[in-house]
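This report describes a two-chain model, taking each chain in turn and then the contact between the chains.

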Amino acid sequence: MNVRIGVLLVPLLVPLILLAVWRAWWSPRSRRPLELDPSCNGALLAGHRKAAGWRWAGLGLGVVVAAVTAVTASFGLHNLGAMLSPTAFGLCVIGGVVVGELTTIPRRQGVRTAALETRTVGDYLPRRLGRSVAASALGLGALLVMTTRMGSADDQGRAGRWLYRQCSPEMSVAKGPWPGSFYSVPLGIAVVVGLLGAAVALRTVVLRPRSGSDPDLVAADDVLRRRSAEAVVAATGVMVAASLSGVALVAGISLHGIVCAPASWTVLGVVLLSVGALMLLLTSWCLALLLAGRRFAPVETGATVAAGQGVRR
Amino acid sequence: MSSALIVDPDDPTPPYEQLRRQLVDLIEGGQLVEGERLPPLRQLAGDLGLAVGTVARTYRELETAGLVRSRRGGGTRVATAVPKPSAGEREVRLAGLAAAYVMKARALGATEAEMARAVLAQST
């Protein structure tokens with residue numbers, strides 16, 4: 001939101017992203033490949049590679065779109081673009097997952113079989129990450145409501161850009177930028193769109209047709225669905241956690257800069273700065289999960305399918 | 001639920017009827033018990049490469065027969081516990097299934113030994 005805050009965040013984010021990349025590529029846990037028996041189903045393996053390719057394409061596109069959004073949409077819009085860039089990134093990754101799922105639908109030939117089963121989104125969601133992302137989304141909603149209510153118009157009459165404090169009848173203090181309605185309304189709309197996109201993507205993952213009912217194939221297919229669902233939740237996590245981090249840090253810094261702030265504002269500022277730092281950790285965790293995709297590449301030798309266990313992080 | 005449903009596009013029986021028969025057998029055979037949920041319409045239609053309307057028709061027919069019940073938001077579930085067929089009934093049904101199999105296998109030109117081998121291969 002603010003150039004100074006952006007400069008402050010860079011030294012914080014760089015080690016976190018490096019940590020995420022290390023965890024994804026070199027940590028011992030990342031070296032667990034997805035075990036699929038190549039003789040089990042060649043089409044499934046090919047589908048997995050295709051889905052992974054689209055996921056990486058979405059990720060790459062997301063980085064470019066987020067950078068372009070952050071730079072171009074910021075001109076004349078008071079850094080609004082930088083705030084929307086995590087959502088743009090998340091939507092691109094989610095789009096990549098959806099395209100990947102749609103392009104791996106098996107072709108139907110001859111006798112068709114289907115396992116008599118009921119698949120739900122809950123079967124494939126990563127529990128711990130899902131709960132963290134859901135809590136962050138609720139936290140972001142609550143924080144945006146609060147900052148919107150506290151915001152005031154700036155010196156040029158733009159609603160919700162500053163935070164005012166009347167210190168005495170003769171003196172008042174204004175701090176900006178403040179994540180009031182000027183920022184919170186577009187951000188709220190963008191995040192809601194992103195969450196709807198994630199819901200559509202998860203539904204696509206669940207409803208993608210299976211290519212048969214063989215128990216080994218079903219187990220292997222479930223592993224791939226879990227990987228896709230994890231990517232969707234991680235992308236949603238980047239979207240929500242990075243946005244919450246930005247809003248919380250900006251609000252926290254603004255609250256600390258007011259000389260006559262009541263004690264409650266000071267406490268709130270400390271809490272928001274802590275939340276902002278915590279959300280940076282969640283963002284890096286989600287990035288690690290997205291980057292870890294390559295390590296799920298199937299091995300060429302494997303006696304059996306990793307029945308239903310997959311690689312959980 | 002570990003059973004599988006099969007649809008043969010070359011079978012002259014309409015797909016909805018193929019599905020209906022299999023589900024009736026599973027419910028009457030006790031493999032689908034009371035309260036067990038059937039796959040959602042869109043999921044089953046996608047897995048079998050059928051139109052959603054085809055699977056919906058199967059479920060409607062089962063509902064009309066009182067074997068399943070559908071509830072908005074709750075999916076389609078097996079309605080009643082159907083008593084398992086007696087030994088005599090089972091024998092009659094098996095004979096019917098065997099007759100249909102033998103007729104099709106003979107039309108293919110299979111010998112008795114080949115037919116027996118195919119049955120054994122499926123049952124092990």
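A residue is called buried if 20 or more other C-beta atoms lie within 10 Å of its own, exposed if 12 or fewer do, and partly exposed in between, with C-beta atoms placed from the backbone. The model is predicted: local features need pLDDT of at least 70, side-chain atom pairs count only at pLDDT 80 or more, and totals for chains, interfaces and linings use all residues. Residues are numbered from 1 along each chain as its sequence is written, and chains are lettered from A and ligands numbered from 1 in the order in which they are written.

**Confidence and overall composition**

The model has an ipTM of 0.71 and a pTM of 0.78. For chain B, the mean pLDDT (the predictor's confidence in each residue, from 0 to 100) is 88, and 94% of the residues reach 70 or more. Helices (H or I, at least four residues) and strands (E, at least two) are DSSP runs, numbered from the N terminus. Two residues are in contact if their C-beta atoms, placed from the backbone, lie within 7 Å. The table sets out the two chains under these terms.

| Property | Chain A | Chain B |
|---|---|---|
| Helices and strands | 7 helices, 3 strands | 5 helices, 3 strands |
| Order of elements | α-α-α-β-α-β-β-α-α-α | β-α-α-α-β-β-α-α |
| Buried residues | 49% of 313 residues | 23% of 124 residues |
| Contacts 24 or more positions apart, among those with a separation of 6 or more | 79% | 51% |

**Chain B**

The C-alpha atoms of chain B fill a box of roughly 50 × 35 × 25 Å along the principal axes. An assignment, automatic or from a database, gives chain B domain 1 (15-78) and domain 2 (87-123). Taken over C-alpha atoms, the centres of these two domains of chain B are separated by 26 Å.

Helix α4 of chain B covers residues 87-108. Its 22 residues reach 31 Å from the first C-alpha to the last, close to the expected 32 Å (1.5 Å times one less than the number of residues). The number of buried residues among the 22 of α4(B) is 0, so this helix lies largely in the open. Just after α4(B), G109(B) adopts a positive phi of about 90 degrees.

**A loop residue in chain A**

A261(A) is located in the loop between α6 (215-256) and α7 (263-291) of chain A. This residue counts as partly exposed because it has 19 C-beta neighbours inside 10 Å. Leaving aside residues up to four places away in sequence, A261(A) touches R165(A), L255(A) and T266(A). Between A261(A) and L273(A), 12 residues apart in sequence, the C-alpha to C-alpha distance is 16 Å.

**The contact between the chains**

Chain A contributes 14 residues to the contact and chain B contributes 17 residues. On the side of chain A that touches chain B, the largest share, 4 residues, comes from strand β1 (residues 112-115) of chain A. That side of chain A divides into 6 nonpolar, 3 polar and 5 charged residues. Here Ala, Val, Leu, Ile, Met, Phe, Trp, Tyr, Cys and Pro count as nonpolar, Asp, Glu, Lys and Arg as charged, and the others, Gly among them, as polar.

Strands pair if DSSP finds at least two bridges between them. β1(A) is joined by 4 bridges to strand β1 (residues 4-7) of chain B, and the two run antiparallel. Within this pairing, A114(A) stands opposite L5(B) in β1(B).
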